[in-house]
Amino acid sequence: MQQSAKNTVKPRTYTIRELSQRYGLPASTLRYYEEIGLLCRVRHTEKGVRIYGEEHIARLDGILCFKRTGLPIAKIQEFYRYEADIAKHAEDILAMMTEQEGAILKQMEELTAGLGHIREKIRYYTKVREALARGEKQPRWEEIITSPTQAACISNTPDQAAN
């Protein structure tokens, strides 16, 4: 059974402005991605207006995911070149993704350590604020901080540097 032209669902298309708004990217970034081959087969009207489809949405989702993980643009390009011939480049893709996973895990460890330090600072300065509000002497860093690693950072607090 054939569908008539009236019943044919036309694929959704997007303008550069719509994608720019959807992703919070400047239009120049979308044009750059097209220029360097990350966004392929972008249609242009006779007036030069770019027309994007669902395949571009999927590709942008992937690009932005990679960027959030810290993968450089050159590596993202390399990934998509590899992906064009998965059978030939499966090992290359696996090596790239494994390397990026390691980099992300290292960054997560560093961020977790930094978060611990920030939380200790919040705890300390909350106690300082409370003591000052009660008219008491402000506490010393070592009196509040329980983590040996954080206690070793005494010189990072302004009141301790003056002592």
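**Figure 1. Close-up of C65 and C40, two cysteines of this predicted model.** Let's start with C65, whose relative accessibility of 36% makes it partly exposed. C40 falls in that class too, since its relative accessibility is 31%. How many disulfides does the structure hold? The count is zero, so if you are setting up a topology, bear in mind that a disulfide here would need a pair of cysteine sulfur atoms within 2.5 Å.

**Figure 2. Helix α3 and its buried residues.** Here is a quick geometry check on α3: its 15 residues should span 21 Å at 1.5 Å a residue, and the C-alpha atoms at its ends are indeed 21 Å apart, so the two values agree. Buried positions in this helix are H56, I57, L60, G62, I63, L64 and F66. What do these buried residues pack against? Their partners are the helices α1 (16–23), α2, α4 and α5, together with the strand β2 (50–51). Just look past the helix and you will meet G70, which follows α3 and has a positive phi, near 90 degrees.

**Figure 3. Helix α4 and the residues it buries.** Seven names are worth labelling in this view: I73, I76, Q77, E78, F79, Y80 and Y82 are buried in α4. The buried residues of this helix pack against α2 (27–35), α3 and α5. In turn, α4 is listed among the elements that the buried residues of α3 pack against.

**Figure 4. Aromatic pairs, beginning with F66 and Y80.** Searching the whole structure turns up six aromatic pairs. In one of them, the ring centres of F66 and Y80 are 6.2 Å apart and the planes meet at 65 degrees, so this pair is edge-to-face. Because F66 belongs to helix α3 (residues 54–68) and Y80 to helix α4 (residues 73–83), the pair ties together parts 14 residues apart in sequence. Are these two rings buried or exposed? F66 is buried, with a relative accessible area of 13%, and Y80 is buried as well, at 12% relative accessibility. Ring pairs also bring in F79, linking F66, F79 and Y80 into a cluster. Y80 has a charged companion too: R59 lies over the face of its ring, 3.7 Å from the ring centre.

**Figure 5. The pair formed by Y124 and W141.** This close-up shows another edge-to-face pair: the planes of Y124 and W141 are at 65 degrees, and their ring centres lie 5.0 Å apart. The pair links distant parts of the chain, with Y124 in helix α5 (residues 86–133) and W141 in helix α6 (residues 141–144), 17 residues apart. Y124 counts as buried at 0% relative accessibility, and W141 is likewise buried at 0%. Which residue lies over the face of W141? K121 does, at 4.5 Å from the ring centre.

**Figure 6. Stepping back to the protein chain that frames these views.** Eight helices and two strands make up the named elements of the protein chain, and their order along the sequence is α-α-β-β-α-α-α-α-α-α. Of the 163 residues, 30% are buried. Among contacts with a separation of 6 or more, 41% come from residues 24 or more positions apart. The protein chain exposes about 11600 Å², with 55% of that area supplied by carbon and sulfur atoms.

How values were computed: Residues numbered from 1 in each chain as written. Predicted model: local features only at pLDDT ≥ 70, side-chain atom pairs only at ≥ 80, totals over all residues. Heavy atoms only, no water. Phe/Tyr/Trp six-rings, centres within 6.5 Å; stacked < 30°, edge-to-face > 60°. Helix = DSSP H or I, 4+ residues; strand = E, 2+ residues; numbered from the N terminus. Buried < 20%, exposed > 50% of the residue type's maximum accessible area, 1.4 Å probe, protein only. Lys NZ or Arg CZ within 6 Å of the ring centre and 35° of its normal. Contact = heavy atoms within 4.5 Å. Expected span 1.5 Å × (residues − 1). Areas by Shrake-Rupley, 256 points an atom, 1.4 Å probe, with all protein chains shown as cover.
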